[in-house]
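Open the structure in your viewer and keep the sequence panel beside it. We will go from stop to stop, selecting a few residues each time.

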Amino acid sequence: MLGSPSWDGSFLRRYLKSEPKYDLISFFILRDPWDVSHTETRELSLIPFPVDQLFGEELKNFKVIVMQNFALHRFLNPTHQRNLVEFVRAGGGLLFIGGPRALHKEDYEQSPLATILPFKVMASGASSSYQSEARFKIKMAKPTQAQRELASVYDDWLQSADQLMQFDVATGLHIVQPDAEQSTPLLYAIDEQQRQLPLALASYPKHGRAIWLFSDSLWRFAFDSDSRHNYHQFLQSAMAWLLHQDLYQPLVSKNFIMYHDQELDLVWQLDLTGAATKYFSSTAAWQLELCGQHIAWDKVAVEHTGMQRLQLRGKITVAQIGKRSRCKITVYGTNKAFGSLRTGSIALVPELLSDAELGDTTMKLQALAKHLNAPLIIDYQAVSSEVSLALRSWLGTEKTITDARLDHYWLLSKWYFYMFLLFLPLEVCLRRRLFFAYERR
């Protein structure tokens, strides 16, 4: 969503069009949605902005929304703004880029957007916090190791740190005060008074992700890099992180297994890995669902099996699962360091078979021995000897096993085949004699 034509918007749009995996929706020179015309829409040269369709019906089909120099209050009513906020909180991505039209009072005061802002706008008495005359240089922030692992986009941007720090022609900046508990600093702006001001933040609104850029002059970075490669890589890293395609996921579930114990209850086990495991706690901030059932933490054994690695283990009855053939486990938690995360896995539920269904197998013998608490000894050598004795008694000492392959030429070894060949000339002579006799008549 671009508030007005600008160089920053043009460069961003050019990047999105250069990537085939992105679908870019464009509407140009549209009328405001509240314009009233006393004529049919098909007779108008300009259609109104389709706000109801985009932020009512189609919003669920989007992955990332870009708000660039966009005045939210001018085009979206509170209902549409709430839909946008819920889209982000449900797992969508938001890339916010500032500008003179962005972050007006109506956007950050008493609006739904204010619930996911990880900063306070420092604009007392002014309608906008944007300072168009502000000049600054770029400096890389220094987030903690845990913050870097959660906001992996920082490590990607760190590869372009030399080009970013040489970039000294940036102008225009929003003055904000970040919330250290709700955001991760990525970039700083050093103004002419040598003040260190936030330039880029990452936040985690519930299940979603957001990147906040407080300037609209980063398009100039394309001219300071080699063939715009660094500029496109800068945006690509941001989009990949917003799409949850970062290489190192903050929370990953692995090795989910289920098996029956002696009481025929189901024992389950799950491994959790990732940077977010540092913030794990057996409290209400973390929830666990197994086979559609909420599991209390006092029924779960938690073990630290390594750095950034946890193992969860517990038990569930067959009655709680029902007739499911598969079981899904979901772990999700909330923390000020990363917002909200969710991960899950699926495992097959092992089936219980009756003795008649199982048959005489080693598994059945093992289960019976375990049930009786008796040792199980299987002498495979004795079994082999018994089989050999049985074969010798049936075959005898002088009998051999012949080749049982099919012989498709067995007829050639039979005497009547050659007798048939001998009678063929007789049949020819007899047929000719009968033919000549018929001709004489």
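## Stop 1: helix α1

This is a predicted model. Start by selecting Trp7 and Lys17 in α1: both are exposed, on the other side of the helix from its buried residues. Now turn to that opposite set and select Asp8, Gly9, Phe11, Leu12, Tyr15 and Leu16, which are buried. Look down the axis of α1: its buried residues fall within an arc of 165°, so they line one face of the helix. What do the buried residues of α1 pack against? Show β1 (64-68), β2 (93-97) and α9 (229-242), and you have their partners.

While α1 is on screen, check its length. The helix runs over residues 7-18, and at 1.5 Å a residue its 12 residues should span 16 Å; the end C-alpha atoms are 17 Å apart, which agrees.

## Stop 2: rings around α1 and α9

Keep Trp7 and Phe11 selected and add Trp219 and Tyr231: ring pairs link these four into a cluster. The structure holds 17 aromatic pairs. For one of them, select Trp157 and Phe234: the ring centres are 4.2 Å apart and the planes lie at 20°, so the pair is stacked. Trp157 belongs to helix α7 (residues 153-158) and Phe234 to helix α9, so this pair ties together parts that are 77 residues apart in sequence. Both Trp157 and Phe234 are buried.

## Stop 3: helix α4

Next, select α4, residues 78-89. Begin at its N-terminal end, where Asn77 acts as a cap: a side-chain oxygen of Asn77 lies 3.1 Å from the backbone nitrogen of Thr79. Just after α4, select Gly91, which takes a positive phi of about 130°.

The length of α4 can be checked too. At 1.5 Å a residue, its 12 residues should span 16 Å, and the end C-alpha atoms are 16 Å apart, which agrees.

Which residues of α4 are buried? Select His80, Gln81, Leu84, Val85, Phe87 and Val88. Seen down the axis of α4, these buried residues fall within an arc of 155°, so they line one face of the helix. Display their surroundings and you will find them packing against α2 (51-57), β1, α3 (72-75), β2 and β9 (209-213).

Before leaving α4, pick out Arg89 and Glu86, whose side chains meet in a salt bridge (4.0 Å, N to O). Arg89 and Glu86 are three residues apart in the helix, and therefore separated by about one helical turn. An α-helix has 3.6 residues a turn, so residues three or four places apart point the same way. Arg89 is partly exposed, with a relative accessible area of 27%, and Glu86 is partly exposed at 47%.

## Stop 4: salt bridges across the chain

The structure holds eight salt bridges. Two more to visit join distant parts of the chain.

Select Asp261 and Lys315: they form a salt bridge, with the closest N and O atoms 3.1 Å apart. Asp261 sits in the loop between β10 (252-260) and β11 (266-273), while Lys315 is in strand β15 (residues 309-316), 54 residues apart. Colour by accessibility here: Asp261 counts as buried at 15% relative accessibility, whereas Lys315 is partly exposed at 46%.

Then select Asp271 and Arg309, a salt bridge in which the closest N and O atoms are 3.2 Å apart. Asp271 is in strand β11 and Arg309 in strand β15, with their positions 38 residues apart in the chain. Asp271 is buried, with a relative accessible area of 5%, and Arg309 counts as partly exposed at 29%.

## Stop 5: two loop residues with positive phi

Finish with two loops. Select Gln194, in the loop between β7 (183-191) and β8 (196-203). Its phi is near 60°, a positive value in a residue other than glycine. Is Gln194 buried or exposed? Gln194 is exposed, with a relative accessible area of 61%.

Now move to Cys291, in the loop between β12 (286-290) and β13 (293-294). Phi of Cys291 is near 55°, again a positive value in a residue other than glycine. Cys291, however, counts as buried, at 1% relative accessibility.

Methods: Residues numbered from 1 in each chain as written. Predicted model: local features only at pLDDT ≥ 70, side-chain atom pairs only at ≥ 80, totals over all residues. Heavy atoms only, no water. Helix = DSSP H or I, 4+ residues; strand = E, 2+ residues; numbered from the N terminus. Expected span 1.5 Å × (residues − 1). Buried < 20%, exposed > 50% of the residue type's maximum accessible area, 1.4 Å probe, protein only. Arc of directions from axis to C-beta. Contact = heavy atoms within 4.5 Å. Polar contact = N/O pair within 3.5 Å; in protein donor to acceptor, adjacent residues only side chain to side chain. Phe/Tyr/Trp six-rings, centres within 6.5 Å; stacked < 30°, edge-to-face > 60°.
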